[in-house]
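Got the viewer open? Let's take a short walk, one selection at a time.

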Protein chains: 2
Amino acid sequence: MKKKIVKPASISGFPEFTPGVQMVAVQQLDRIRKIFELHGFVPVETPVVERLEVLLAKGGDADKEMYVLQRLHAEDDSEASLGLHYDLTVPFARYVAQHFNELVFPFRRYQMQYCWRGERPQEGRFRQFFQCDVDVVAVDQLELSFDAEIPLVVYEALRALEIGDFDLRISNRKILQGYLEGLGVEKVQEVTRILDKLDKIGRDNVLRALAEQGLSQELGEKSLQIGAISTRDSSFVERVLGLGVRSSLLQQGLEELAAVLDTLNRSVGGGCLADLSVTRGFDYYTGTVYEARWREFPEVGSIAAGGRYDDLASSYTNTRVPGVGMSVGFSRIFAKLAAENRLPEHLPRCPTRVLVAWLDPAGPERAREIARQLRSRGVNTEVYHRPGKIVKQLKYADRKGIPFVLFDTDAQVKDLRSGEQYAVDLERWMP
Amino acid sequence: MKKKIVKPASISGFPEFTPGVQMVAVQQLDRIRKIFELHGFVPVETPVVERLEVLLAKGGDADKEMYVLQRLHAEDDSEASLGLHYDLTVPFARYVAQHFNELVFPFRRYQMQYCWRGERPQEGRFRQFFQCDVDVVAVDQLELSFDAEIPLVVYEALRALEIGDFDLRISNRKILQGYLEGLGVEKVQEVTRILDKLDKIGRDNVLRALAEQGLSQELGEKSLQIGAISTRDSSFVERVLGLGVRSSLLQQGLEELAAVLDTLNRSVGGGCLADLSVTRGFDYYTGTVYEARWREFPEVGSIAAGGRYDDLASSYTNTRVPGVGMSVGFSRIFAKLAAENRLPEHLPRCPTRVLVAWLDPAGPERAREIARQLRSRGVNTEVYHRPGKIVKQLKYADRKGIPFVLFDTDAQVKDLRSGEQYAVDLERWMP
């Protein structure tokens, strides 16, 4: 029988890394988790699938991009009701509603998992991507202080990844909405959606679209003015008020954003700013909104984003569960770091710290005993699998990126980075 | 518009835990990873999907239980060629073939991921389960010493989970095959399959099935004798030879198993044994085979298993890639520990070590500054979100399982487990 040979190949949109790069990914994810736990967030994990009615409960465009599961040899379609989650917010909402009585509120949770979207493969976009979410939800009411806590945690997480400078831009939905109401704009929702497209379609097209909604040239231009305001301190308040528009909702939004920014600036040295062009879509968020962008690689787009929402669990219960949260787009960030050869150099690409070279002609026992000793002190160690040929053993260590080779016969250590060689006390040595 | 209320519910076969239990799962997985890296295994992660031709390349029964992906609104079936992996060996084989030139051999890898099987929901079996695999593969030839290294690593990983006593049973396919050949049995493969069913169908049914394959009553009973041999040292060799059958394959199998067990017994104090009833199916493994069982909960079945295979990548290349590996069934173990209330008590259910109580009527600044100090020393800390009402703040900490409450106004700490309260030096205190 002739053997069928399958060509192994990547699947577009489903990235996979060599072991050395994966080792760095593992460490980077550990760093994010450590920051989340440092602030008292508890881990939640949900299955990769949800019922379609859960995934579709929020509506929107997501259903177009969803993957559903089908058993390969299913007799009928009765099971075709499960889909892979496309974000971590929808599963979290279901989780909170389902486990409501087992949770302690305010409930701080982190969730670090893959998400999937059935994007067209030719677009070269991720169809599997890893997200790291933090949210706080409470019952009935959630203090504004959490709106400053969430971006602080994400700020520290992004810093921990050593990605260089980024801007964490913050706004508040109430500001634009209150401003438009104060201007006398009637179709606030439609106008907001149009203003949100400024980056994509440009100023002229925005004005044209606003005119189609019945806004005069003057009102259209006035609507655009607020989005140009961006400050690193609370001076945005004066600049907005200088536009001469007043409404109680606008006032509330300005006060909230100023308070959030003040609290944040006391904790982080720059990097957070008020930017009134940030809106983050429309249907979901009701107050503070966030968006982080990478200074060096703006083409990556938003690397973290989120906001405050009035009611997380409205699809499941009449109890109001307000919350605020952000999501770090880990795959986006990590793939860029890897592609630009910018992964932190000091993070090891190989877990092994010491290779015990097997030179003893009597057998591997001595090398194995040395390895046991090192491991008992927590040192990641392997033993070379064949005796002799020192050059081959050194080459193996070098290719794998193992920094130290310890010779079983004389307890000499070779540091492959410096080339130095020296004797060590096997009972005590730590590489 | 009347709001549609969706009932949030679990999906059968897709387990999900409360945050406290999930927190323990995270720590248990960390422990496994630490052991894998202690022995120099490098991380590999593959996408959750593989092409169907990859998933089906190995044949067998797996195709019956597979989940394939479908885009919810796909225009045609052109993309219906991706399936969720049902184990980590098939993706690993594809990975090794695809990244062959980027790997250093012998290649020690660990892989910790979910797998999915489209089991019928009513069976109450896991359809999503987490596996932790370790394998070593090499080109052309792989030393027998690796057959002892793999179970050592898995032994230490299982010990790290604090699951109590277990038996790691080891055999070698060559022993049974050589024994049957020595007996003069012709249909070795069919007979092995029947013998493997002993636990399930019982001795009488096995003898009947053997008779149908043309084995005499005497030959059938003789075939069964070897499976009853189980010893903690290499005395199994004598017992097998005592059955009076000889063949060179049998001899080779006995020597290999004795060597593996000797090496292992030098590293671990009991818990590993030769058990010639272990066969682990038939098509895949060619030498050493492993199976770990839980002494306290034998009904869970195999909690870790694996073996040696002649050629991992035969579906992709003509280069021979022999290997040996094991898989730890984490979901199986963890779900049982959780169900039996046997999760290690000393592992925290909540990441937060300290709640800073906000009592200062002037504001939260003092509490936040204390939290910053503690976090800068790596202490997981949160600040209570509202001022006053000390009883409420203590209750929150208690419900969440936070062990220490630190009062912002006087730097007194209350240890919620002992009830003790004492003053601390905020510059130095570590909980």
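Start by selecting A:L69: of the residues of chain A, its C-alpha comes closest to the rotation axis, at 2.5 Å. Now show both chains. A rotation of 180° with 0.0 Å of shift along its axis lays chain A over chain B, with an RMSD of 0.0 Å (a least-squares superposition on the C-alpha atoms of residues with pLDDT of at least 70 in both copies). That is therefore the relation of a two-fold axis. Both copies use the same surface, since 99% of the contact residues of chain A recur in chain B; contact here means heavy atoms within 4.5 Å.

A word on the ground rules. This is a predicted model, in which local features need pLDDT of at least 70 and side-chain atom pairs count only at pLDDT 80 or more, while totals for chains, interfaces and linings use all residues. Residues are numbered from 1 along each chain as its sequence is written, chains are lettered from A and ligands numbered from 1 in the order in which they are written, and side-chain values use heavy atoms, leaving out hydrogens and water.

Next, select residues 19-38 and 330-339 of chain A, helices α1 and α12 (helices are DSSP runs of H or I, at least four residues, numbered from the N terminus). They pack at an angle of about 135°, with their axes 11 Å apart; the axes are lines fitted to C-alpha atoms over the stretch in contact, and angles run from 0 to 180 degrees between N-to-C directions. α1(A) and α12(A) are therefore oblique to each other (neither under 35 degrees, nor over 145, nor 65 to 115). Show the side chains at the contact: A:V21, A:V24, A:A25, A:Q28, A:L29 and A:I32 in α1(A) meet A:F330, A:F334, A:L337 and A:A338 in α12(A).

Stay in chain A for a charged pair. Which residue forms a salt bridge with A:K174? Select A:E256: the closest N and O atoms of the two are 2.7 Å apart. A salt bridge is a side-chain nitrogen of Lys or Arg within 4 Å of a carboxyl oxygen of Asp or Glu. This pair links distant parts of the chain, with A:E256 in helix α11 (residues 248-267) and A:K174 in helix α5 (residues 173-183), 82 residues apart. Over all chains, the whole structure holds 58 salt bridges.

Last stop: in chain B, select helix α5 (residues 173-183) and helix α6 (residues 188-195), whose axes come within 10 Å and cross at roughly 120°. Where they meet, B:L176, B:Q177, B:L180 and B:E181 in α5(B) face B:V188, B:V191, B:T192 and B:L195 in α6(B).

Technical notes
Helix = DSSP H or I, 4+ residues; strand = E, 2+ residues; numbered from the N terminus.
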